[in-house]
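Trainee: Could you show me how to read a beta sheet?

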Amino acid sequence: MSEDNPFDHNDIDDVIHGRLRLGVMAYLSTASPAVFGELRDKVGATDGNLSTHLKKLEEAGYVTQEKRFVGKKPQTRVFLTDKGRKAWLIWISRMEAIMKAAE
């Protein structure tokens with residue numbers, strides 16, 4: 001963040017800042033791990049849309065997915081990684097600084 005310009009947006013993490021990914025990160029910060037269907041319902045996504053955004057978060061190292069069977073039904077659990085939690089807290093801090101500067 002530029003100390004000279006608190007409104008500088010260049011260091012905002014674009015991986016997190018997308019609306020759906022923002023919702024995923026916010027939910028996982030309080031409910032990790034989350035079962036895929038639960039996460040989908042909480043963020044209001046379709047299966048395909050959520051899968052696409054989870055892939056982007058996974059490529060950044062912010063989430064991991066674990067596929068397993070519960071009985072005979074497949075289940076995917078999504079975990080927020082330590083790197084993801086750190087990135088989330090940095091994103092929150094940056095947003096707070098921008099809002100404080102706008103007061």
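Mentor: Let's go through the strands and then a helix. Keep in mind that this is a predicted model.

Trainee: How many strands are in the sheet, and what is their order?

Mentor: To read a sheet, list its strands by who sits beside whom. Here an open sheet has three strands in the order S1-S3-S2, and the pairing is antiparallel. S1 and S2 are at the edges with a single partner strand each, so one side of each has no neighbour in the sheet.

Trainee: How many bridges join S2 to S3?

Mentor: We call two strands paired when there are at least two bridges between them. Strand S2, residues 63–70, is joined to S3 by eight bridges. As an example, Thr64 stands opposite Phe79 in S3.

Trainee: What do S2 and S3 form, and which turn residue has a positive phi?

Mentor: They form a hairpin, with two residues between the strands. Gly71 in that turn has a positive phi of about 65°.

Trainee: Which residues of S3 are the bridge partners of Ala34 and Val35?

Mentor: Ala34 has Val78 as its partner, while Val35 has Arg77. Two bridges join S1 (residues 34–35) to S3 (residues 73–80), and these strands run antiparallel.

Trainee: Where does helix H2 lie, and at what angle to S3 does it run?

Mentor: For this, look at the helix against the strands. H2, residues 19–31, lies across S1, S2 and S3 and runs at about 90° to S3.

Note on methods: Residues numbered from 1 in each chain as written. Predicted model: local features only at pLDDT ≥ 70, side-chain atom pairs only at ≥ 80, totals over all residues. Heavy atoms only, no water. Helix = DSSP H or I, 4+ residues; strand = E, 2+ residues; numbered from the N terminus. Contact = heavy atoms within 4.5 Å. Axes fitted to C-alpha atoms, helices over the stretch in contact; angles between N-to-C directions.
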